[in-house]
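Let's take a walk through this structure together, starting inside the protein and ending at the DNA. Keep the view open as you read.

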2 protein chains.
Amino acid sequence: MTVLEWDPYDRNCPSRQVLDRVGDRWTVLVVGALAAGPMRFSELAERVDGVSQKMLTQTLRNLERDGLVTRTMYAQIPPRVEYELTDSGTTLQLPMKALEDWTKEHMRGIMAARYEYDLHKAELPKP
Amino acid sequence: MTVLEWDPYDRNCPSRQVLDRVGDRWTVLVVGALAAGPMRFSELAERVDGVSQKMLTQTLRNLERDGLVTRTMYAQIPPRVEYELTDSGTTLQLPMKALEDWTKEHMRGIMAARYEYDLHKAELPKP
DNA sequence: TATGCTACTCTCTTTTAGTAACCATTGACC
DNA sequence: GGTCAATGGTTACTAAAAGAGAGTAGCATA
């Protein structure tokens, strides 16, 4: 099966699930954070502000399952666990960073558009 | 405020919300679909397989609010509504397509990684 | 009179995310 | 001996979001 045959627009294609995953809210941030190098669980939790332990664990497990990050446990007390992007995960960095950069570059325009939209819609309340 | 000052890793930064939005499951597919040109609501609903009317409406409203798509209503019976990417929305196409392409290119590897992961985890059931 | 078309909108149910408390392990401290 | 802290989780409960399905407007055609 070549690349051309995967179609995320088809809800039954496995690529749909994968696209859902990589386009996930926390995945983008976790992969972005790991771009800087290996990180401990607690470092990630701090860097990705607002993520709960549960969601961070879940996101990391999914990334691990998809072969995008490795999980290395050091048998110490207290325990230490490091997460690192695999080669495959590193390639994901680029599209994710592109998304992050696009967001930063278009923030002003978006905020302005929102302001205007909300202004106009406020003029048309429901009868 | 320059681009450098937006930080989506901070949960209170507005760029976080915007990144959440553009990294949204349906947004990626809707923008990808609209890349082919203007489309009617029903065409989008068909192309983006599995999206509910509710979610499609919501996604389009959000994109419209952010100034990424325009909504043109033709006063006919039955009604006709066309959605089209704005210039700003067109720039979003690139990072989204990058994500879509990455997904397609890495599908095989990911499926293989999942298979192996599930195999190993099955060997370690909870006591 | 009945039916169909389109682009929604509303209500209800199910799934998912978020919150907060708890766990195991060991050393330091009182 | 009991308590606390640190780390990387898990579990139970609740709030929010998504999905399913029916309903709506307004006119045209059968």
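## From the sheet to the DNA

In this predicted model, strand E2 (residues 69–74) of chain B and E3(B) run antiparallel and are joined by six bridges. One of the pairs to look for is Met73(B), whose bridge partner in E3(B) is Val81(B). The connection from E2(B) to E3(B) is a hairpin that passes through five residues.

Step back a little and the wider sheet comes into view. It is an open sheet of three strands in chain B, with the order E1-E3-E2 and antiparallel pairing. Strand E1 (39–40) and E2 of chain B stand at the edges with a single partner strand each, so one side of each has no neighbour in the sheet. The pairing of E1(B) with E3(B) is antiparallel and covers two bridges. Here Met39(B) stands opposite Tyr83(B) in E3(B).

Two helices pack on this sheet. H2(B) touches E1, E2 and E3 of chain B, and its direction makes about 95° with that of E3(B). H4(B) touches E2 and E3 of chain B, with its direction at about 115° to that of E2(B).

How do these two helices meet each other? Helix H2 (residues 25–34) of chain B and H4(B) pack at an angle of about 75°, and their axes are 10 Å apart. H2(B) and H4(B) are therefore roughly perpendicular to each other. On the H2(B) side, the contact is made by Trp26(B), Thr27(B), Val30(B) and Val31(B), which meet Met55(B), Leu56(B), Thr59(B), Leu60(B) and Leu63(B) in H4(B). By class, this contact of H2(B) with H4(B) has seven nonpolar residues, two polar ones and no charged ones.

Now turn to the DNA, beginning with strand C. DNA strand C is surrounded by 20 residues, and the closest are Arg25(A), Lys54(A), Gln53(B), Arg71(B) and Tyr83(B). By class, the surface near DNA strand C has eight nonpolar, five polar and seven charged residues. Both chains take part: at least two residues each come from helix H2 (25–34) and helix H4 (53–65) of chain A, and from helix H3 (41–47), helix H4 (53–65) and strand E3 (80–85) of chain B. Of the atoms of DNA strand C within 4 Å of the protein, 64% belong to sugar or phosphate, and the rest belong to bases.

DNA strand D has 22 residues around it, of which Gln53(A), Arg71(A), Pro79(A), Tyr83(A) and Arg25(B) come nearest. The classes on the surface near DNA strand D are nine nonpolar, five polar and eight charged residues. Of the atoms of DNA strand D within 4 Å of the protein, 58% are sugar or phosphate atoms and the rest belong to bases.

Some side-chain contacts with the two strands are listed here.

| Side chain | DNA atom | Distance |
|---|---|---|
| Ser42(B) | phosphate oxygen of DNA strand C | 2.9 Å |
| Arg61(B) | phosphate oxygen of DNA strand C | 3.2 Å |
| Tyr83(B) | phosphate oxygen of DNA strand C | 2.6 Å |
| Arg40(A) | phosphate oxygen of DNA strand D | 3.2 Å |
| Trp26(B) | phosphate oxygen of DNA strand D | 3.2 Å |
| Lys54(B) | base oxygen of DNA strand D | 2.9 Å |

Two or more residues of the surface near DNA strand D come from each of helix H3 (41–47), H4 and strand E3 (80–85) of chain A, together with H2 and H4 of chain B.

Methods:
Residues are numbered from 1 along each chain as its sequence is written. Chains are lettered from A and ligands numbered from 1 in the order in which they are written. This is a predicted model: local features need pLDDT of at least 70, side-chain atom pairs count only at pLDDT 80 or more; totals for chains, interfaces and linings use all residues. Side-chain values use heavy atoms; hydrogens and water are left out. A residue is near a molecule or strand if one of its heavy atoms lies within 4 Å of it. A polar contact is a pair of N or O atoms within 3.5 Å; within protein, one must be able to donate a hydrogen and the other to accept it, and residues adjacent in sequence count only if both atoms are side-chain atoms. Helices (H or I, at least four residues) and strands (E, at least two) are DSSP runs, numbered from the N terminus. Ala, Val, Leu, Ile, Met, Phe, Trp, Tyr, Cys and Pro count as nonpolar, Asp, Glu, Lys and Arg as charged, and the others, Gly among them, as polar. Axes are lines fitted to C-alpha atoms, for helices over the stretch in contact, and angles run from 0 to 180 degrees between N-to-C directions. Angles under 35 degrees count as roughly parallel, over 145 as roughly antiparallel, 65 to 115 as roughly perpendicular and the rest as oblique. Contact means heavy atoms within 4.5 Å. Two strands pair if DSSP finds at least two bridges between them.
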